[in-house]
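Biologist: Please show me the model. I want to ask why each label is used.

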2 protein chains.
Amino acid sequence: MNNQDVFIKMVLSTWQMQLNRFNQLLDKLTDEQLMMDTAPGRNSGLYLLGHLTAVSDSLFSQLGIGSKLYPELENIFITNPDKSGLEMPGVGELRQYWKNVNDTLWRHFEQMPPDEWFARHALVSEDDFAKEPHRNKLNMIINRTGHIGYHLGQMVYLQTAPAKTA
Amino acid sequence: MNNQDVFIKMVLSTWQMQLNRFNQLLDKLTDEQLMMDTAPGRNSGLYLLGHLTAVSDSLFSQLGIGSKLYPELENIFITNPDKSGLEMPGVGELRQYWKNVNDTLWRHFEQMPPDEWFARHALVSEDDFAKEPHRNKLNMIINRTGHIGYHLGQMVYLQTAPAKTA
């Protein structure tokens, strides 16, 4: 394994680990739990699941590997906040969208030529990339992994609260 | 900048970005807010700040760059859960500990020889590292960055909840 392969492995294995944790939680949560707010007055589990699905769905174009599977999600789950009054897909649909987006992304990730991970992503200009070569496609995966973890920390609150210790 | 330098830059800039976000929140929160629970029956902000400080303080030995600044935190904030009845340091002290740990870590990070980042960290055996060379010191920073983000997602709930939209 050369250095470059090790870097890619580091980032993609962290991405997978974070997704596994997220999916383990998702499997444990009932649809009813997922529809509740993560804390009083905060985003619901459903909104966060839609938000993460929409953000991951944006990766196709940002990484130059395709286009969105569910373009209608952006307006509901990125442009607008929770409780906007916009109609959301059902829980079952969103669970399926999340899985489809992630499965499809992963098939692309596995086929990505190693050098391509270190190329510019679509959100950075050529000029900026020349000055800041760390803003590459692999870096985008690091950031998105962190974004999933941030909301995972909130979604664990959908689980039944532990009994209060004395 | 060679690939290795770019990769180190990717990981350390993500670490710094996450810390900046966390510290911006910390600066906004009053001591009173920080002492509240992040959600009903969940960890307090104070506990999470102590927990993150203790986990980052463990990095010195795990990365082979020193030893803990505040070894007494481990029992209170890692071994035991919140509301264990153990006496915690005050809010002001913990804010200072967090800053000291991070400032000291950063001084070490800046001086770390690039190759050293790709060496084995203390939590993986030599045998396992031979098979999984991605489990290096830099990978530990990726994981710890994610850990901070996870709890940051919870600590933002300490801010006053937004007014409920109609």
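Modeller: Helices are DSSP runs of H or I with at least four residues, strands are runs of E with at least two, and both are numbered from the N terminus. The model is predicted, so local features need pLDDT of at least 70 and side-chain atom pairs pLDDT 80 or more, while totals for chains, interfaces and linings use all residues. Residues are numbered from 1 along each chain as written, chains are lettered from A and ligands numbered from 1 in the order written, and side-chain values use heavy atoms, leaving out hydrogens and water.

Biologist: Where does Lys83(A) lie?

Modeller: Lys83(A) sits in the loop between α5 (73-79) and α6 (91-111) of chain A. Its phi is near 65°, a positive value in a residue other than glycine. Most residues other than glycine have a negative phi.

Biologist: Why is Lys83(A) called partly exposed?

Modeller: Buried means under 20% relative accessible area, exposed means over 50%, and partly exposed is in between (1.4 Å probe, protein chains only). Lys83(A) has 27%, so Lys83(A) is partly exposed.

Biologist: What about Lys83(B)?

Modeller: Lys83(B) has 27% relative accessibility, so it counts as partly exposed. Lys83(B) lies in the loop between α5 (73-79) and α6 (91-111) of chain B. Its phi is near 65°, a positive value.

Biologist: What makes Ile148(A) buried?

Modeller: Its relative accessible area is 2%, so Ile148(A) is buried. Ile148(A) belongs to helix α9 (residues 137-155) of chain A. Contact means heavy atoms within 4.5 Å. Not counting residues up to four places away in sequence, Ile148(A) touches Trp15(A), Gln18(A), Leu19(A), Phe22(A), Leu52(A) and Trp98(A).

Biologist: How many aromatic pairs does a search of the whole structure find?

Modeller: The search finds 17 over all chains. Among them, Phe7(A) and Phe118(A) have ring centres 6.1 Å apart and planes at 65°.

Biologist: Why is that pair of Phe7(A) and Phe118(A) edge-to-face?

Modeller: Rings of Phe, Tyr and Trp (its six-membered ring) pair if their centres lie within 6.5 Å; planes under 30 degrees apart are stacked, over 60 edge-to-face, and the rest tilted. The centres are 6.1 Å apart and the planes at 65°, so Phe7(A) and Phe118(A) are an edge-to-face pair. Phe7(A) lies in helix α1 (residues 3-28) of chain A and Phe118(A) in the loop between α7 (114-117) and α8 (126-131) of chain A, so the pair ties together parts 111 residues apart in sequence. Phe7(A) and Phe118(A) are both buried. Phe109(B) and Trp117(B) also form an edge-to-face pair, at 5.3 Å and 70°.

Biologist: How do you know that Phe109(B) is buried?

Modeller: Phe109(B) has a relative accessible area of 2%, so it is buried. Trp117(B) has 1% relative accessibility, so Trp117(B) counts as buried.

Biologist: Why are α3(A) and α6(A) called roughly parallel?

Modeller: Axes are lines fitted to C-alpha atoms, for helices over the stretch in contact, and angles run from 0 to 180 degrees between N-to-C directions. Angles under 35 degrees count as roughly parallel, over 145 as roughly antiparallel, 65 to 115 as roughly perpendicular, and the rest as oblique. The axes of α3 (residues 45-57) of chain A and α6(A) come within 9 Å and cross at roughly 25°. Therefore α3(A) and α6(A) are roughly parallel to each other.

Biologist: How many helices and strands does chain A have?

Modeller: Chain A has 9 helices and 0 strands. Of its 166 residues, 49% count as buried.
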